[in-house]
Amino acid sequence: MAKFTEEVREFFDIRRLVFRIGELAAMTDVSARQLRYWEKKGLIASEEREDGQQARVYTFKTFVRVSMIKYYLDTGYTLAAAGKLAAERQDRVQYIHRFITRGMRGMAQVDGQMAINLGPFDETKTLMALIPEADTDAVHYKLLPNEEAQRVTQNTPA
DNA sequence: ATTCTAACA
DNA sequence: TGTTAGGA
């Protein structure tokens with residue numbers, strides 16, 4: 001089961017989700033010409049292909065970046081301003097994402113309820129956040145002995 | 001079939 | 001920025 005879980009996580013690893021220039025262009029309504037130009041301007045990045053072929057590869061993160069630049073462009077900003085705004089916004093999002101993932105030690109099952117292992121509370125106890133059945137209900141917290149917390153926690157983020 | 005760079009009726 | 005040539 002652990003192996004299967006690992007395989008699933010690997011399969012859905014966002015880093016495996018990459019696009020070529022034609023795909024990204026269609027997805028974002030930004031021309032391939034623009035994408036190459038934006039890259040030359042340093043607004044976006046692309047990877048080299050491993051197989052040595054001369055073709056760009058874009059990550060999901062770059063897809064998001066392109067989408068944001070496109071949005072600011074359509075809103076009326078110049079390309080340079082749109083690029084700057086997109087970069088700043090993505091930096092903030094990344095910071096928040098890191099802040100959150102740092103606190104997540106994995107998913108767990110507590111009292112038959114889905115829960116998030118939030119890590120050590122003190123020397124002997126671990127803080128668990130119990131996810132409510134309905135999203136109108138409040139999140140509840142519970143302290144578990146470290147051993148029990150470890151036992152009910154099913155996986156840990158990469 | 002798709003992408004590359006460089007250049008412009 | 002679009003489009004095209006000519007090659008990979």
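Author: Domain bounds come from an automatic or database domain assignment. With that in mind, chain A is divided into domain 1 (2-102) and domain 2 (104-155). This is a predicted model, in which local features need pLDDT of at least 70 and side-chain atom pairs count only at pLDDT 80 or more, while totals for chains, interfaces and linings use all residues. Residues are numbered from 1 along each chain as its sequence is written, chains are lettered from A and ligands numbered from 1 in the order in which they are written, and side-chain values use heavy atoms, with hydrogens and water left out.

Reader: What separates the centres of domain 1 and domain 2?

Author: A distance of 33 Å, taken over C-alpha atoms.

Reader: Which residues surround DNA strand B, and what makes them count as near?

Author: A residue is near a strand if one of its heavy atoms lies within 4 Å of it. Arg20, Ile21, Gly22, Arg33, Arg36, Gln54, Ala55 and Arg56 surround DNA strand B. Of the atoms of DNA strand B within 4 Å of the protein, 92% belong to sugar and phosphate.

Reader: How do you know that glycine 22 makes a polar contact with DNA strand B?

Author: A polar contact is a pair of N or O atoms within 3.5 Å; within protein, one must be able to donate a hydrogen and the other to accept it, and residues adjacent in sequence count only if both atoms are side-chain atoms. A polar backbone atom of glycine 22 is 2.9 Å from a phosphate oxygen of DNA strand B, so the pair qualifies. Side-chain N or O atoms also come to phosphate oxygens of this strand, at 2.7 Å for arginine 36 and 2.2 Å for arginine 56.

Reader: How many residues of each class does the surface near DNA strand B have?

Author: Two are nonpolar, two polar and four charged. Here Ala, Val, Leu, Ile, Met, Phe, Trp, Tyr, Cys and Pro count as nonpolar, Asp, Glu, Lys and Arg as charged, and the others, Gly among them, as polar.

Reader: Which helices each supply at least two residues of that surface?

Author: They are α2 (21-28) and α3 (32-40). The names follow a simple rule: helices (H or I, at least four residues) and strands (E, at least two) are DSSP runs, numbered from the N terminus.

Reader: Which residues are found around DNA strand C?

Author: Ser31, Arg33, Gln34 and Tyr37. Sugar and phosphate make up 44% of the atoms of DNA strand C that come within 4 Å of the protein. Arginine 33 has a side-chain N or O atom 2.9 Å from a base oxygen of this strand. Polar side-chain atoms of serine 31 and glutamine 34 each lie 2.7 Å from a phosphate oxygen.

Reader: Why is threonine 28 called buried?

Author: Buried means under 20% relative accessible area, exposed over 50%, partly exposed in between (1.4 Å probe, protein chains only). Threonine 28 has 8%, so it is buried. A polar atom of its side chain is 2.7 Å from the backbone oxygen of leucine 24.

Reader: What puts the buried residues of α2 on the same side?

Author: The buried ones are Ile21, Leu24, Ala25 and Thr28. They cover an arc of only 100° around the axis, so they sit on the same side of α2. The arc is that of the directions from the helix axis to the C-beta atoms. Among what covers these residues are α3 and α4 (60-75).

Reader: Is valine 18, in the loop between α1 (2-11) and α2, buried, partly exposed or exposed?

Author: Its relative accessible area is 38%, so valine 18 is partly exposed. Beyond its neighbours within four places in sequence, valine 18 is in contact (heavy atoms within 4.5 Å) with Glu23, Val57, Tyr58 and Thr59.

Reader: What makes threonine 126 a buried residue?

Author: Its relative accessible area is 6%, so threonine 126 falls in the buried class. This residue lies in strand β3 (residues 125-130). Its side chain makes a polar contact of 2.7 Å with the side chain of asparagine 146.

Reader: And why is threonine 101 called partly exposed?

Author: At 32%, its relative accessible area is in between the two cut-offs, so the label fits. Threonine 101 belongs to helix α5 (residues 79-103), and its side chain reaches the backbone oxygen of histidine 97 at 2.6 Å.
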